[in-house]
Amino acid sequence: MNKIGSFRSPAAEKRYFAAYDRAMAECPEPGAVFDIRTHHGITRVYRYGDGPPIVLLPGLMATSACYAALLPALAQRHTVYAIDTLGEAGGSVQKAPFKDIRERASALDDVFDRLGLSEVHIVGGSTGGWHAVNQAIHFPGRLASIGLLDPTTVSAPFARKVFWYGLPAAVLDSERLWRRFVTWSAGEDILDQPAARLILAGIRCYRARVPFQVCPTEEALRSLEVPTLALFGGRSAVHDSADAAARLESLLPQADVEILPDAGHYLYLRPEDRDRIVDRVLEWVA
């Protein structure tokens with residue numbers, strides 16, 4: 001089996017990048033675009049603004065485009081590096097397989113090294129939150145803090161309904177079922193947004209080949225020394241946010257943990273939540 005992620009076909013790749021271009025058009029013009037070459041492939045990075053560095057890690061298949069609405073405010077005070085996750089659909093191109101989850105953290109550390117970054121504040125949404133924690137566990141040396149926006153499989157597993165909704169869609173490769181899955185996971189219909197449609201395009205057009213995302217051990221979470229902010233969506237469908245928040249607080253009592261009662265899973269896509277998320281992140285980083 002090919003252990004490197006790839007598009008399903010040239011036609012699928014063309015359809016995907018049409019959706020990618022539409023979603024990225026919602027972002028402000030970047031100050032620079034980097035294609036960082038490391039052992040595992042080429043990582044696409046967009047740079048905005050000026051100031052202490054914030055790195056944005058997207059949710060699964062969401063790419064840098066998912067943060068379009070947050071970028072202007074964050075870039076007023078910081079240099080923001082928005083990253084397309086290596087091993088998923090987007091501007092990054094995987095060239096070598098990942099042996100384990102530590103190698104995924106190693107690949108991101110290589111990107112920080114090539115960019116000359118230190119004292120980095122990572123903000124990750126959904127799976128990006130898991131990547132932030134994975135980075136803090138395995139390569140914490142360049143990190144100043146991590147911010148987690150309804151992170152998945154950090155302190156609680158996926159809800160069973162993730163598999164009930166996702167498995168039939170994957171087996172049948174049904175656009176209708178995938179649309180239902182994305183809408184259900186968001187807690188509302190967000191498919192009018194280009195960033196949400198890009199997630200759907202990534203799921204349908206790209207075959208990811210990466211180590212399975214699992215919860216860190218209790219020992220690993222307790223060992224974290226990087227200052228941590230965690231915001232959970234009270235209406236998140238992908239896990240029990242109350243259990244996830246309580247367990248994270250018990251294992252990491254020094255963390256700043258909050259549940260946003262009215263928020264769903266995609267905190268960065270819901271207009272009602274964006275200002276609050278930006279304010280909390282900027283307050284935390286400051």
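Helices here are DSSP runs of H or I at least four residues long, strands are runs of E at least two residues long, and both are numbered from the N terminus. With that in hand, let's walk through this structure, which is a predicted model.

Start with the biggest open space. The largest pocket has a volume of about 1100 Å³. Its lining is made up of 36 residues, and those nearest the centre are Leu60, Trp178, Phe181, Ile203 and Phe212. Which elements build this lining? At least two residues come from each of α4, α5 (160–172), α6 (175–186), α7 (194–205) and β9. The top contributor is α5, which gives five residues. Sorted by class, the lining of the largest pocket holds 20 nonpolar, 10 polar and six charged residues.

Next comes the second largest pocket, with about 320 Å³ of space. It is lined by 14 residues, and Glu175, Arg197, Leu200, Ala201 and Cys205 are the closest to its centre. Here, α1 (10–24), α6 and α7 each give at least two residues to the lining. This time α7 gives the most, with six residues. The class count for the second largest pocket reads six nonpolar, no polar and eight charged residues. Notice that α6 and α7 turn up in the linings of both pockets.

Now for the closed spaces. How many cavities of 30 Å³ or more does a search of the whole structure find? There are two. The largest cavity has a volume of about 180 Å³. Among the 16 residues lining the largest cavity, Thr85, Leu86, Arg104, Leu108 and His131 sit closest to its centre. Two elements, α3 and α4 (127–138), give two or more residues each to that lining. By class, the lining of the largest cavity has eight nonpolar, six polar and two charged residues.

The second largest cavity comes in at about 30 Å³. Its walls are formed by Ala186, Glu188, Ile190, Gly264, Tyr266, Leu269 and Arg270. Split by class, that makes four nonpolar, one polar and two charged residues.

Helix α3 came up at the largest cavity, so let's follow it from end to end. How far apart should the ends of α3 be? The helix has 15 residues, 101–115, and at 1.5 Å a residue it should span 21 Å; the C-alpha atoms at its ends are 22 Å apart, which agrees. The 21 Å comes out because the expected span is 1.5 Å times one less than the number of residues. At the start of α3, Asp100 points a side-chain oxygen to within 3.2 Å of the backbone nitrogen of Arg102. Many residues of the helix are hidden away: Arg104, Ala105, Ser106, Ala107, Leu108, Asp109, Val111, Phe112 and Leu115 are buried. Two of these names, Arg104 and Leu108, are also among the residues closest to the centre of the largest cavity. Just past the helix, Gly116 has a positive phi of about 70°.

A positive phi deserves a second look when the residue isn't a glycine. Most residues other than glycine have a negative phi. Two exceptions can be found in one loop, between β4 (53–57) and α2 (71–75): Met61 and Thr63. Met61 has a positive phi of about 60°, and phi of Thr63 is near 60°. Are these two buried or exposed? Buried means under 20% relative accessible area. Met61 therefore counts as buried, at 5% relative accessibility. Thr63 likewise counts as buried, because its relative accessibility is 2%.

Our last stop is Gln213, in the loop between β9 (206–207) and α8 (218–222). Gln213 has a relative accessible area of 14%, so this residue is buried as well. What does its side chain make polar contacts with? One partner is the side chain of Thr152, at 3.0 Å. Another is the side chain of Thr153, at 2.5 Å. Leaving aside residues up to four places away in sequence, Gln213 touches Thr127, Trp130, Thr152, Thr153 and Phe158. Both threonine partners thus appear again in that list of contacts.

Conventions:
Residues are numbered from 1 along each chain as its sequence is written. This is a predicted model: local features need pLDDT of at least 70, side-chain atom pairs count only at pLDDT 80 or more; totals for chains, interfaces and linings use all residues. Side-chain values use heavy atoms; hydrogens and water are left out. Buried means under 20% relative accessible area, exposed over 50%, partly exposed in between (1.4 Å probe, protein chains only). A polar contact is a pair of N or O atoms within 3.5 Å; within protein, one must be able to donate a hydrogen and the other to accept it, and residues adjacent in sequence count only if both atoms are side-chain atoms. Contact means heavy atoms within 4.5 Å. On a 1 Å grid over the protein atoms alone, a cavity is a set of points where a 1.4 Å probe fits but cannot get out, and a pocket is an open set with protein on both sides within 12 Å along at least five of seven lines; lining residues have an atom within 4 Å of a point. Grid points are joined across faces, edges and corners, and a volume is the space filled by probe spheres set on the points. Ala, Val, Leu, Ile, Met, Phe, Trp, Tyr, Cys and Pro count as nonpolar, Asp, Glu, Lys and Arg as charged, and the others, Gly among them, as polar.
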